Amino acid sequence: MVFFEDEAAFGRMNHVRKCWVHRPDRAIVKKQAIREYLYAFTTVCPQTGETCSIISPFCNTEAMNALLEETSISFPHYRIIMIMDSAGWHTTNKLKLPENISILPLPAYSPELNPTEHIWDYIREQKEFNNYTFNSLDEVDNQLGVALCDLHNEKSIISSMCNFDWINSATC
């Protein structure tokens, strides 16, 4: 199976975005600029919509190793080709590849080829991150955990967002 991997920061610095409200009401959105982050690492199979995610306080090799191990355990019956960018924690010799996972790097400077990027937009827009403020990093952790659990159960939505024609033609 082909999986794509990516990571994204979620934190207390919120993103103010457009939103809809009923007339005559006006949207009131707080702006928060506290630089505290957690990192979501996610693998996704565009064809099936299956995902595997972890939340880490760091974006580094140890977190990447934890994601690879978790993905291997979650999908032991798959031989996985993991497609990802060439971030430092993806290319280090300290990366521990499970036996059922092989890595295929994306071309440099091509995030548009990674369908996992769409998941981050979906989480921010649909899972209560845009226009929300958090009082603590624990609140971010809780909300991100709920969003990633929801994501795991939304296979058809994930597949519709991430399964491009070029992926299907390349994997046949």
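A residue is called buried here if its relative accessible area is under 20%, and exposed if that value is over 50%. The legends below concern a predicted model.

**Figure 1. Overall content of the predicted model.**
By the cut-off just given, 43% of the 172 residues in the protein are buried. The protein contains six helices and five strands, and along the sequence these elements follow the pattern β-β-β-α-β-α-β-α-α-α-α. Of the contacts between residues at least 6 apart in sequence, 65% join residues at least 24 apart. The protein exposes about 10,000 Å², and carbon and sulfur atoms supply 53% of that area.

**Figure 2. The five-stranded sheet is open, with mixed pairing.**
The strands are arranged in the order β3-β2-β1-β4-β5. At the edges stand β3 (51-56) and β5 (101-105), each of which pairs on one side only. Neighbouring strands of the sheet are turned against each other by 25 degrees on average, with direction ignored. Helix α3 (residues 116-126) packs on this sheet, where it touches β1 and β2. The direction of α3 makes about 35 degrees with that of β1. Helix α4 (residues 137-152) lies across β1, β2 and β3, and runs at about 175 degrees to β3.

**Figure 3. Strand β2 and its two antiparallel partners, β1 and β3.**
Eight bridges join β1 (residues 2-11) to β2 (residues 37-44), and the two strands run antiparallel. Within this pairing, Ala 8 has Ala 40 as its bridge partner in β2, while Gly 11 is partnered by Tyr 37. Strand β2 is also joined to β3 by six bridges, again in antiparallel fashion. Ala 40 stands opposite Ile 55 in β3. Ala 40 therefore appears in both pairings of β2, facing Ala 8 in one and Ile 55 in the other. Strand β2 is mostly covered, with six of its eight residues buried. In the hairpin of β2 and β3, six residues lie between the strands, and Gly 49 takes a positive phi near 80 degrees.

**Figure 4. Surroundings of Glu 154 and Lys 127.**
Glu 154 lies in the loop between α4 and α5 (155-162), whereas Lys 127 is placed in the loop between α3 and α4. Glu 154 has a relative accessible area of 18% and so counts as buried. Lys 127, at 11% relative accessibility, likewise counts as buried. The side chain of Glu 154 makes a polar contact of 2.9 Å with the side chain of Tyr 122. With neighbours within four places in sequence left aside, Glu 154 is in contact with Tyr 122 and Lys 127. On the same basis of leaving out residues up to four places away, Lys 127 touches Tyr 122, Gln 143, Ala 147, Asp 150 and Glu 154.

**Figure 5. The buried and exposed residues of helix α5.**
Ile 158, Ser 159, Met 161 and Cys 162 are buried in α5. These residues are on the same side of α5 because they cover an arc of only 165 degrees around the axis. The face of α5 turned away from this buried side carries Ser 156 and Ser 160, which are exposed. An α-helix has 3.6 residues a turn, so residues three or four places apart point the same way.

**Figure 6. Loop residues Ala 87 and Tyr 109.**
Ala 87 is found in the loop between β4 (80-84) and α2 (88-91). The relative accessible area of Ala 87 is 16%, and this residue is therefore buried. The C-alpha atoms of Ala 87 and Ala 108 are separated by 9.6 Å, while the two residues are 21 residues apart along the chain. Tyr 109 lies in the loop between β5 and α3. With a relative accessibility of 83%, Tyr 109 counts as exposed. Although Tyr 109 is not a glycine, this residue has a positive phi of about 55 degrees.

How values were computed. Residues numbered from 1 in each chain as written. Predicted model: local features only at pLDDT ≥ 70, side-chain atom pairs only at ≥ 80, totals over all residues. Heavy atoms only, no water. Pairing = 2+ DSSP bridges. Helix = DSSP H or I, 4+ residues; strand = E, 2+ residues; numbered from the N terminus. Axes fitted to C-alpha atoms, helices over the stretch in contact; angles between N-to-C directions. Contact = heavy atoms within 4.5 Å. Buried < 20%, exposed > 50% of the residue type's maximum accessible area, 1.4 Å probe, protein only. Polar contact = N/O pair within 3.5 Å; in protein donor to acceptor, adjacent residues only side chain to side chain. Areas by Shrake-Rupley, 256 points an atom, 1.4 Å probe, with all protein chains shown as cover. Arc of directions from axis to C-beta.
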